[in-house]
Amino acid sequence: MKLRIHRGEMRGGDFWRGRARALIPAIAILAALGGLTRSLNATIRGSAHDFSGLHPQEQICIFCHTPHDADLTVTDAPLWNHQVTSKVFVVYNSPTMDASVGQPQGASRLCLSCHDGTVAVDSYGGKSGSIFLGGKVAVGADELNNDHPISFTYDDALAALDGGLFPPSSTPSGLGNTIRHDLLIADQLECSSCHDVHNGPAAAAVNDNLLVITQVQSQLCLTCHNK
Ligand code: HEC
Ligand code: HEC
Ligand code: HEC
Ligand code: HEC
């Protein structure tokens, strides 16, 4: 079964209705306090990655992480608990690309373990689920050759070679440190260079597709591309 999950559906009627009742007084207080609601939103809770409605104890992290017996398929994966995709992708290529792009690795392979539509969202902790991503959110389902390249080294040497990229080790990201520190994982450009899977403060402030930098005036793109 392939479907685009809608958050309301995933959270399941009974759980969400019960919880909504419990939350009414809290919401009234928060509304009175105004600004607090925004800081509460700077979290995975209630974000596109909150699947707690699919879990009997309403756990959130368990779909991706476990404290014990983690999956070691992907090198350096953070205590991973979700089935990992084994798909071999057609990756981005073009005559003007300077970087060489290989198969998605690291955190990007973890993202694609739901976002290529081959592994179910609820295939975690060794059990096989049945809810697959489809449509536009399944970015890897129609291969990766039509998507921004990922899983390659973006360093100062690449910037010098390309001529149209800022050197990541010294250019500010706008998030407090350099591109290298804030947007790259071990010098690699990954899905997480543009998105925050946990909807942390930067992504919550942008409030657009879990992006960490706004698309207004193409600020996201112009952080790295000197155009
Ligand atoms: C939808 C999958 C998903 C969920 C749910 C999720 N994470 Fe993560 N988490 C990731 C991925 C992918 C990474 C790898 C690094 C990255 O991409 O930011 C990660 C990395 C981490 C890391 C190490 C790097 C860092 O950002 O500090 C910690 C700690 C972490 N997650 C904690 C949590 C906790 C706690 C929860 C639940 C409240 C949670 N995560 C829920 C996918 C998830
Ligand atoms: C456990 C499965 C799972 C993993 C792992 C996962 N996602 Fe998702 N992601 C989802 C689901 C489910 C949705 C919601 C789809 C919908 O709303 O139809 C989603 C939605 C999104 C969205 C759209 C957000 C919005 O505001 O609508 C983005 C962007 C995204 N994911 C990026 C990532 C990135 C980047 C990673 C890895 C760092 C990742 N995801 C890892 C399951 C996952
Ligand atoms: C160079 C930045 C960048 C990288 C790298 C990137 N994305 Fe995105 N992604 C975006 C932007 C920008 C959007 C919003 C597009 C829009 O507004 O139409 C987006 C949108 C999405 C969406 C929502 C799609 C929709 O139409 O609902 C998902 C899911 C997603 N990205 C997942 C991923 C995954 C998984 C990866 C890694 C394989 C990834 N992204 C890598 C910039 C990026
Ligand atoms: C975190 C840094 C970063 C961000 C953010 C980013 N890019 Fe890139 N992008 C790169 C790097 C590095 C390359 C590889 C360039 C090369 O090797 O020639 C690249 C490649 C590309 C390419 C392919 C170039 C070619 O020669 O085929 C295009 C087009 C592109 N990016 C557009 C965008 C757009 C549009 C956005 C905003 C939605 C964006 N990028 C956001 C770093 C980034």
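## A partly exposed histidine

H225 has a relative accessible area of 31% and is therefore partly exposed, a class that lies between buried (under 20% relative accessible area) and exposed (over 50%), computed with a 1.4 Å probe on protein chains only. The model is predicted, so local features need pLDDT of at least 70 and side-chain atom pairs count only at pLDDT 80 or more, whereas totals for chains, interfaces and linings use all residues. Residues are numbered from 1 along each chain as its sequence is written, chains are lettered from A and ligands numbered from 1 in the order in which they are written, and side-chain values use heavy atoms, with hydrogens and water left out.

## The iron of ligand 4

H225 has a partner here: the protein donors of the iron atom of ligand 4 are H148 (NE2) and H225 (NE2), 1.9 to 2.1 Å from the metal. Donors are N, O and S atoms within 2.8 Å of the metal (3.2 Å for Na, K and Ca); water is not among the atoms, so sites may look incomplete.

The six donor atoms around this iron subtend angles of 88 to 179°, so the arrangement is octahedral; for six donors, that term asks for opposite donors over 155 degrees apart and all others between 65 and 115. The pair joins distant parts of the chain, 77 residues apart: H148 sits in the loop between helix 4 and strand 1 (152–153), and H225 in the segment after helix 8 (219–224). Helices (H or I, at least four residues) and strands (E, at least two) are DSSP runs, numbered from the N terminus.

## The iron of ligand 2

For the iron atom of ligand 2, the protein donors are H49 (NE2) and H115 (NE2), lying 2.0 Å away. This pair also links distant parts of the chain, with H49 in the loop between helix 3 (36–40) and helix 4 (106–115), and H115 in helix 4, 66 residues apart. The site is octahedral, with angles of 88 to 179° among six donor atoms.

H49 is buried at 18% relative accessible area, while H115, at 23%, counts as partly exposed.

## Around ligand 1

H49 turns up again among the residues surrounding ligand 1, which also include I44, C61, C64, W80 and V197; each has a heavy atom within 4 Å of the ligand.

Polar side-chain atoms of H65 and H198 lie 2.7 Å and 2.8 Å from a nitrogen atom of ligand 1, respectively. For S192, a polar side-chain atom is 2.7 Å from an oxygen atom of the ligand.

## The chain as a whole

Eight helices and two strands make up the elements of the protein chain, in the order α-α-α-α-β-α-α-β-α-α from the N terminus. Of its 227 residues, 35% are buried.

Note on methods: Tetrahedral: all angles 85-135°; square planar, octahedral: opposite > 155°, others 65-115°. Polar contact = N/O pair within 3.5 Å; in protein donor to acceptor, adjacent residues only side chain to side chain.
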